[in-house]
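Welcome! Please take a moment to look over the sequence and the 3D view below, and then read on for a short tour.

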Amino acid sequence: RRARVQEKIEKLSAAEFLAPDAGPGVDDSEPTMSLELVSLEEAIAPQAYLAPAHEMVLDEPGSALSRVVLLGAAVDGVASVCDFLGALPANTRQTFLLTQHLGGQPEAVLVERFSAHCSLPVRLADGATRAKAGEVLMVPAGHQVQLRRDGSVELQARAAEEAQDLSIDASLSMAASAFGRDALAIIFAGRGNDAVAGAQAIHDRGGQVWVESSSGEHFADMVSGIFAE
């Protein structure tokens with residue numbers, strides 16, 4: 001007799017046919033989510049916002065500075081600064097940074113004098129409080145002030161041999177780097193040549209430089225130096 005061989009045909013679905021030929025793996029993953037029943041009051045209660053590490057959130061709404069006005073005055077320009085501050089309206093929304101040569105005068109006395117003439121708040125700049133629109137910051141003795149667009153204030157100590165008086169040049173140059181064309185410098189007539197290089201930095205970055213017109217009663221060396229430059 002002739003032997004008949006019968007082959008068995010195995011049927012597979014497409015999914016089973018395409019499945020990788022591998023044994024069962026070990027799932028070592030751990031669940032990252034869970035369900036928990038809480039009360040309705042707890043579920044809808046407001047939660048504190050935790051900002052990501054890469055995200056910058058301003059401490060106060062509207063504290064970003066769109067423009068800064070730099071005031072620079074020598075010792076003999078205090079009266080002119082008082083006149084200028086006295087003419088500012090109370091609703092002024094500009095931020096002012098005043099670099100005033102002290103000439104040995106206590107800074108607290110000058111702040112009090114300027115405050116008496118100005119309808120805006122006048123205070124010494126410090127690194128703990130952001131600059132705001134509608135206020136006058138005065139550079140403290142022995143330091144330079146770096147303002148940034150987010151309103152933050154950085155105090156930089158000057159070297160002992162340079163701390164005799166404040167540098168208008170440094171204040172204007174740092175503001176020119178941070179604000180560019182949004183920096184406005186106002187220089188009052190007075191002795192010395194401080195502010196010439198800083199005014200040049202403001203001008204080179206597209207900002208504006210205004211100077212006090214001299215009536216002949218002031219030593220206008222600082223103003224004349226700016227015009228000459």
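## An aromatic cluster

Phe84, Phe96 and Phe188 form one aromatic cluster. Keep in mind that this is a predicted model. Two aromatic pairs are found in the structure.

In one of them, Phe84 meets Phe96 edge-to-face, with 6.4 Å from centre to centre and 75° between the planes. This pair links distant parts of the chain: Phe84 sits in helix α3, while Phe96 belongs to strand β2 (residues 95–100), 12 residues apart. Phe84 also pairs edge-to-face with Phe188, at 5.8 Å centre to centre and with 75° between the planes. Here too, distant parts of the chain are linked, since Phe188 lies in the loop between β7 and α6, 104 residues apart from Phe84 in helix α3.

## Buried or partly exposed?

How do the three rings of the cluster compare with the cut-off for burial? Buried means under 20% relative accessible area. Phe96 has a relative accessible area of 3%, so Phe96 is buried. Phe188 counts as buried as well, because its relative accessibility is 5%. Phe84, at 23% relative accessibility, counts as partly exposed.

## A serine in helix α3

Helix α3 covers residues 78–86, and Ser80 is found in it. Is Ser80 buried or exposed? Ser80 counts as buried, because its relative accessibility is 9%. The side chain of Ser80 is joined to that of Glu212 by a polar contact of 2.9 Å.

## The largest nonpolar core

Now for the nonpolar residues. The largest nonpolar core is made up of 28 residues, and Leu70, Leu147 and Leu172 are those with the most contacts inside it. Which elements each supply at least two residues of this core? They are the strands β1 (68–73), β5 (143–147) and β7 (183–187), together with the helices α5 (168–179), α6 (196–204) and α7 (221–228). Helix α5 gives the largest share, five residues.

Leu70 is a good place to start exploring. Leaving aside residues up to four places away in sequence, Leu70 touches Leu97, Leu172, Ala175, Ala183, Leu184, Ala185, Ile186 and Ile202.

## A second core

Apart from the largest core lies another one, of 22 residues. Leu85, Cys118, Leu120 and Val136 are among its members.

Definitions and conventions: Residues are numbered from 1 along each chain as its sequence is written. This is a predicted model: local features need pLDDT of at least 70, side-chain atom pairs count only at pLDDT 80 or more; totals for chains, interfaces and linings use all residues. Side-chain values use heavy atoms; hydrogens and water are left out. A nonpolar core is a set of buried Ala, Val, Leu, Ile, Met, Phe, Trp, Tyr and Cys residues joined through side-chain atoms within 4.5 Å. Buried means under 20% relative accessible area, exposed over 50%, partly exposed in between (1.4 Å probe, protein chains only). Helices (H or I, at least four residues) and strands (E, at least two) are DSSP runs, numbered from the N terminus. Contact means heavy atoms within 4.5 Å. A polar contact is a pair of N or O atoms within 3.5 Å; within protein, one must be able to donate a hydrogen and the other to accept it, and residues adjacent in sequence count only if both atoms are side-chain atoms. Rings of Phe, Tyr and Trp (its six-membered ring) pair if their centres lie within 6.5 Å; planes under 30 degrees apart count as stacked, over 60 as edge-to-face and the rest as tilted.
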